[in-house]
Amino acid sequence: MVYKIKSRIWIEVDNTTFLGEGRVRLLKSIKETKSLSKSARELGISYKKAWNLIDSVNKKADKPVVVRISGGSGGGGTTLTEHGFELIEMYDTINTNCWKYLDKQLKKYSLD
């Protein structure tokens, strides 16, 4: 039998969620689709919920994370800023390191 610790982490600002698994999943989807509405559909959430999540992240970040691109010949869209890419990488690194640490801690104990 293999035991594994599972956890979810999130980053808070002023006691409210800034970045967590769901928001990062949405950011990653926007990175791929370049569209908030497509990302909302892909993740099975309403456009309003997706917009509220992104708006919350943008307001709590020290720099813009997601920007809207006005329509034109190719239409509009949504894209991540460089800061958005950095936040995804930071969150994924912290999350991976947390799981590795927890696995290491669990190995210290015999659960057989």
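Is Asp 14 buried or exposed? In this predicted model, Asp 14 is exposed, because its relative accessible area of 73% is over the 50% cut-off. The residue sits in the loop between strand S1 (10–13) and S2, and its phi is near 50°, a positive value in a residue other than glycine. Asn 15 makes a natural companion to look at here, as this residue too lies in the loop between S1 and S2. Asn 15 is not a glycine either, yet has a positive phi of about 65°. With 71% relative accessibility, Asn 15 also counts as exposed.

Stepping back to the whole fold, the protein chain contains four helices and four strands. Followed along the sequence, these elements give the pattern β-β-α-α-α-β-β-α. The chain is more spread out than a compact globule, because its radius of gyration is 17 Å, well over the 13 Å that the globule rule gives for 112 residues. Along the principal axes, the C-alpha atoms fill a box of roughly 65 × 30 × 20 Å. Among contacts with a separation of 6 or more, 47% join residues 24 or more positions apart.

The interior is worth a closer look. In soluble globular proteins, nonpolar side chains tend to be buried together. Here, buried residues make up 33% of the 112 residues in the chain, and the largest nonpolar core has 20 residues. Within this core, Leu 19, Leu 26, Leu 27, Ile 54 and Val 65 touch the most other members. At least two core residues come from each of strand S2 (16–20), helix H1 (21–33), helix H2 (36–43), helix H3 (47–60) and helix H4 (82–107). Leu 27 offers a handy point of entry for anyone exploring the model: leaving aside residues up to four places away in sequence, Leu 27 touches Leu 19, Ile 54, Val 65, Val 66, Leu 80 and Ile 88.

Helix H4 also holds Ile 94. This isoleucine counts as partly exposed, because its relative accessibility of 38% falls between the 20% and 50% cut-offs. Ile 94 and Trp 10 are 84 residues apart in sequence, while their C-alpha atoms are 9.8 Å apart in space.

Turning to the surface, the accessible area of the chain comes to about 7800 Å², and carbon and sulfur atoms account for 53% of that area. The chain carries 20 positive and 13 negative charges, and the mean positions of these two sets are 4 Å apart.

Notes
Residues numbered from 1 in each chain as written. Predicted model: local features only at pLDDT ≥ 70, side-chain atom pairs only at ≥ 80, totals over all residues. Heavy atoms only, no water. Core = buried A, V, L, I, M, F, W, Y, C linked by side-chain atoms within 4.5 Å. Buried < 20%, exposed > 50% of the residue type's maximum accessible area, 1.4 Å probe, protein only. Contact = heavy atoms within 4.5 Å. Rg over C-alpha atoms; globule rule 2.2 N^0.38 Å. Areas by Shrake-Rupley, 256 points an atom, 1.4 Å probe, with all protein chains shown as cover. Lys, Arg positive; Asp, Glu negative; His and termini not counted. Charge placed at Lys NZ, Arg CZ, Asp CG, Glu CD.
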